[in-house]
Amino acid sequence: MILGAALLPLPMAAEKYVPSAEVMKSREEFANDRFGIFLHWGIYSMFGQGEWYLNYGPLHSEYSKAAKGFYPADFDAGEWADAIKDSGAKYICFTTRHHDGFSMFHTAQNDYNIVDGTPFKRDVLKELADSCADRGLKLHLYYSHLDWGRQDYPQGRTGHTTGRDSTVNDWKSYYKFMNSQLTELLTNYGPIRAIWFDGWWDHDEDKTPFDWELPEQYALIHRLQPGCLVGNNHHQTPFEGEDIQIFERDVPGENTAGLSGQEVSKLPLETCQTMNGMWGYKVVDTNYKDTPALIRYLVKTAGLGANLLLNIGPQPDGELPATALERLRDMGKWLRENGETIYGTEGSPFAAQNWGTATRKGDRLFIHILNAEGTDIHIPAALKVKAAKEFASGSKVKFSSDKNGVTLHLAQKPEAIDHIVELTLKK
């Protein structure tokens with residue numbers, strides 16, 4: 001099928017999507033987790049240029065030869081899972097197939113995968129799935145909707161220099177291939193809590209409307225694993241059949257990166273962000289965000305009632321970068337002390353302030369002071385406060401109330417990464 005010929009706008013499901021009881025349970029569990037780790041790993045790591053390297057010039061026929069040399073000798077799924085568990089993260093999202101089309105799992109759909117196409121011959125996804133299960137980490141699977149190498153993928157806005165013949169598209173064939181792989185992923189690797197799609201944005205719906213047949217694909221996922229959530233990083237308001245809403249490089253309601261201008265829905269929310277600059281490993285990308293910045297981003301995200309999916313790009317040898325491991329350890333230490341104010345909380349009942357935000361758990365409101373200019377912290381909400389204390393020490397905090405809200409009167413200007421004051425609200 002040639003792009004632009006008889007292509008129809010995205011259809012909605014024939015019947016309105018009604019989430020199952022299993023999905024609703026998974027949604028609640030997901031929303032309570034608040035923190036996950038994204039892992040962008042594939043043969044692109046060998047080039048050290050990030051996960052989009054193939055899009056910037058190499059022919060796929062040459063790029064794909066890297067698979068024959070991919071041997072991540074230092075990969076240890078247990079070590080990965082231990083480090084992520086220790087960070088306080090509750091789930092992992094792993095890239096099973098990125099836009100270069102290489103599958104990081106054993107698929108029967110082609111030989112371009114880590115078991116059949118490399119000398120490594122090991123199914124890293126199976127090892128990771130087993131390690132996650134052993135440690136109580138939930139597993140989410142990233143899956144690209146586009147492919148820069150397969151001839152049958154309908155040409156979109158990317159992957160124009162890879163050597164594909166853009167006139168030999170066959171959507172029916174490609175759609176069958178994707179659904180066959182999704183069936184494998186949801187059959188062979190144990191419980192999967194979410195499928196994380198990426199790539200719908202490859203077609204400009206205003207200029208070349210394209211029918212991705214998403215309702216049928218979403219129904220397949222829900223049929224194979226009734227508790228599996230569906231998310232799609234399409235930068236749009238959620239479609240019928242989706243269970244979570246994703247924001248890329250921005251917290252919900254902000255759009256500084258130009259990728260997350262969509263309205264915020266009532267679905268569970270997740271923002272994905274890089275630990276340094278790139279998603280996949282880039283040898284010169286050593287500009288990691290420091291620990292205070294990452295913790296404050298996690299708090300800011302939780303204050304908006306959303307999860308943070310923080311990315312790491314593993315090295316070609318199979319190890320997680322040393323700086324990333326250091327950040328994981330730091331975040332784990334902070335969460336062991338303060339996780340009660342993050343996990344299982346609702347977002348703030350008031351908009352984020354210059355000084356910070358809040359999270360809520362029942363009649364407990366946690367005031368997260370991230371950037372205090374003085375000792376008085378004004379909370380612009382009509383709260384009926386019963387008591388106030390420092391979360392860390394339990395020391396009482398003075399406060400006053402008026403028609404404009406509540407003001408905390410701190411003994412001194414906070415210097416901590418996140419100075420938390422716990423308010424007990426009157427019922």
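Which residue takes a positive phi just after α1? In this predicted model, R34 does so, with a phi of about 65 degrees.

## Helix α1

The helix that comes just before R34 is α1, which has 13 residues. From its first C-alpha to its last, α1 reaches 19 Å, close to the 18 Å expected at 1.5 Å a residue.

The buried residues in α1 are V23, S26, R27, F30 and D33. Seen down the helix axis, these buried residues fall within an arc of 125 degrees, so they line one face of α1. An α-helix has 3.6 residues a turn, so residues three or four places apart point the same way. On the other side of α1, the exposed residues are A21, K25 and E28.

## Positive phi in loops

Most residues other than glycine have a negative phi. Besides R34, with its positive phi just after α1, two further residues can be named here. H235 is not a glycine, yet its phi is positive, at about 65 degrees. H235 sits in the loop between β5 and β6, where β6 covers residues 245–248.

R249 is likewise not a glycine and has a positive phi, of about 60 degrees. Its place is the loop between β6 and β7, the latter strand being residues 269–274. How buried or exposed is R249? Its relative accessibility is 23%, and because buried means under 20% and exposed over 50%, R249 counts as partly exposed.

## The largest pocket

The largest pocket has a volume of about 500 Å³. Its lining is made up of 31 residues. Nearest the centre of this pocket lie W201, N233, H235, E248 and L259. H235, one of these five, is also the loop residue with a positive phi of about 65 degrees.

By class, the lining of the largest pocket holds 11 nonpolar, 12 polar and eight charged residues.

## The second largest pocket

The volume of the second largest pocket is about 350 Å³. It is lined by 21 residues, and K138, L139, P191, I192 and R193 are the closest to its centre. Three elements give two or more residues to this lining: α1 (21–33), α4 (124–135) and β3 (138–144). Helix α1 thus appears again, as one of the elements of this pocket lining.

Which element gives the most to the lining of the second largest pocket? That element is α4, with five residues. The lining of the second largest pocket divides into nine nonpolar, five polar and seven charged residues.

## Two buried strand residues

N232 belongs to strand β5, which runs over residues 229–232. The relative accessibility of N232 is 3%, so this residue counts as buried. The side chain of N232 is joined to that of Y218 by a polar contact of 3.0 Å.

F197 is part of strand β4, residues 194–198. At 0% relative accessibility, F197 also counts as buried. How far apart in space are F197 and L186, C-alpha to C-alpha? The distance between F197 and L186 is 14 Å, and the two are 11 residues apart in sequence.

Technical notes: Residues are numbered from 1 along each chain as its sequence is written. This is a predicted model: local features need pLDDT of at least 70, side-chain atom pairs count only at pLDDT 80 or more; totals for chains, interfaces and linings use all residues. Side-chain values use heavy atoms; hydrogens and water are left out. On a 1 Å grid over the protein atoms alone, a cavity is a set of points where a 1.4 Å probe fits but cannot get out, and a pocket is an open set with protein on both sides within 12 Å along at least five of seven lines; lining residues have an atom within 4 Å of a point. Grid points are joined across faces, edges and corners, and a volume is the space filled by probe spheres set on the points. Ala, Val, Leu, Ile, Met, Phe, Trp, Tyr, Cys and Pro count as nonpolar, Asp, Glu, Lys and Arg as charged, and the others, Gly among them, as polar. Helices (H or I, at least four residues) and strands (E, at least two) are DSSP runs, numbered from the N terminus. The expected span of a helix is 1.5 Å times one less than its number of residues. Buried means under 20% relative accessible area, exposed over 50%, partly exposed in between (1.4 Å probe, protein chains only). The arc is that of the directions from the helix axis to the C-beta atoms. A polar contact is a pair of N or O atoms within 3.5 Å; within protein, one must be able to donate a hydrogen and the other to accept it, and residues adjacent in sequence count only if both atoms are side-chain atoms.
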